[in-house]
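Reader: I should like a close look at one part, namely the lining of the largest cavity, followed by its wider setting. How do the residues of that lining divide into nonpolar, polar and charged?

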Amino acid sequence: MPFDLQFRLAARRADHLYRQRPLLEAPQGPAVVVDGKPLLQFCSNDYLGLANHPEVIAAMQQGAATWGVGGGASHLVIGHSTPHHQLEEALAEFTGRPRALLFSTGYMANLAAVTALVGQGDTVLEDRLNHASLLDAGLLSGARFSRYLHNDATSLAKRLEKASGNTLVVTDGVFSMDGDLADLPALCAEAKRHGAWMMVDDAHGFGPLGANGGGIVEHFGLGIDEVPVLVGTLGKAFGTAGAFVAGSEELIETLIQFARPYIYTTSQPPAVACATLKSLQLLRRENWRREHLAALIARFRQGAVDIGLTLVDSPTPIQPILVGSSARAMKLSAALRERGCLVGAIRPPTVPAGTARLRVTFSASHTEAQVEQLLDILAECWNRMAEEPEADA
């Protein structure tokens, strides 16, 4: 048999790395039904609680009634509808950049930007803990590809000294499995000193970070000169779907002309763009969502310290609990689920071996009482598991 798929699947099970899809049987929100069981969930990226907002739902319904339910074709054929164009203009204004370009997914946006900007003879340098879509983009670009030590400007500088051709430095704004922030001021300074461009994927920063929800660039007070290529996704804090790249007129025109993932993909349904326009208004207008979210995060971190949990230094809604082995992470996740809390276990290869964790995420839709409930259940399950011997990784 040329492809021994059964062996590969069995090996993944034996290593406690087998993945299964939980079946969500309710809308996004803190209280859900998964695989037939009511649960309090702490694993969604709906950071501002907009995915099930009545105004966003109404905007999508009206959008579908007006524009239909399909994009119809690629943007360059006849798939670029008025709502798409309006959303691009709104995102450009939101990010303070001349233009923005809409994509169907964040993976596509990252793949498009990197492969359109660098190729053979060029260099792409990436943080070791970047999202898989960024790493894949670097490998597929054909450019000389190297990874610098996580969030380490000195390591980046050493690689920049050996770079050739056009050089693109790529980093997550908020690292999705740790929740920590990229040290953008230091990284941007090194990139600028060596004549390189900086590209930031701020998928998890838009919404929670910045005085107006403008993400990590706003958080650090940086602009288009420091970060020429800014990427954001719409399926997290925006609560809808899709992604965008924001930058100069020349950057966006370059992507339209040369980015294969953009050229050869059907546009997203126009109704989704209508919904996102509404969610963008709410994101900018309702600052209480960010304030409430910050209060929940602070309370959880203090409670986790009291329990004795090991957290990553994260000021974001992503609050990983480091466990160690994949087996222990799975066991703790299962214990929480048995008590009514859904928290995902993150294991290799998503994170390095020996650093399996529970990835707790918070939403502005959570209440203080729900966070207290999570902490109570965590304390009970953690103390029980602490009495048991460590399993193999």
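Author: The lining of the largest cavity divides into five nonpolar residues, five polar residues and no charged ones. Here Ala, Val, Leu, Ile, Met, Phe, Trp, Tyr, Cys and Pro count as nonpolar, Asp, Glu, Lys and Arg as charged, and the others, Gly among them, as polar. The model is predicted, with local features requiring pLDDT of at least 70 and side-chain atom pairs pLDDT 80 or more, while totals for chains, interfaces and linings use all residues. Residues are numbered from 1 along each chain as its sequence is written, and side-chain values use heavy atoms, without hydrogens or water.

The structure holds one cavity of 30 Å³ or more, and the volume of the largest cavity is about 40 Å³. A cavity is a set of points on a 1 Å grid over the protein atoms alone where a 1.4 Å probe fits but cannot get out, and lining residues have an atom within 4 Å of a point. Points are joined across faces, edges and corners, the volume being the space filled by probe spheres set on them. The lining is formed by H75, L102, F103, S104, M108, P261, Y262, T265, T266 and S267. Two elements, β3 and α11 (260-263), each give two or more residues to this lining. Helices (H or I, at least four residues) and strands (E, at least two) are DSSP runs numbered from the N terminus.

Strand β3 leads to the wider setting. It belongs to an open sheet of seven strands with mixed pairing, in the order β3-β9-β8-β7-β6-β4-β5; strands pair if DSSP finds at least two bridges between them. At the edges stand β3 (99-103) and β5 (144-148), each of which pairs on one side only. On average, neighbouring strands here are turned by 20° against each other, direction ignored. Axes are lines fitted to C-alpha atoms, for helices over the stretch in contact, and angles run from 0 to 180 degrees between N-to-C directions.

Within this sheet, β6 (residues 167-172) and β7 (residues 197-201) run parallel and are joined by five bridges. T171 has V200 in β7 as its bridge partner. Two helices pack on the sheet. Helix α4 (residues 82-95) touches β3, β8 (229-233) and β9 (243-247), and its direction makes about 130° with that of β3. Helix α10 (residues 249-258) touches β3, β7, β8 and β9, at about 30° to the direction of β3. Contact here means heavy atoms within 4.5 Å.

A further open sheet has three strands, ordered β10-β13-β12 with antiparallel pairing. Its edge strands, β10 (318-324) and β12 (344-346), each have a single partner strand, so one side of each lacks a neighbour in the sheet. Neighbouring strands of this sheet are turned by 30° on average, direction ignored. Three bridges join β12 to the antiparallel β13 (residues 356-361), and G344 stands opposite R359 in β13. The loop between β12 and β13 contains P349, and the peptide bond from P348 to P349 is cis, with omega near 5°.

Two backbone details complete the account. H16, in the loop between α1 (5-14) and β1 (31-34), has a positive phi of about 60° although it is not a glycine. D35, in the loop between β1 and β2 (37-41), likewise has a positive phi, of about 50°.

Terms used:
On a 1 Å grid over the protein atoms alone, a cavity is a set of points where a 1.4 Å probe fits but cannot get out, and a pocket is an open set with protein on both sides within 12 Å along at least five of seven lines; lining residues have an atom within 4 Å of a point.
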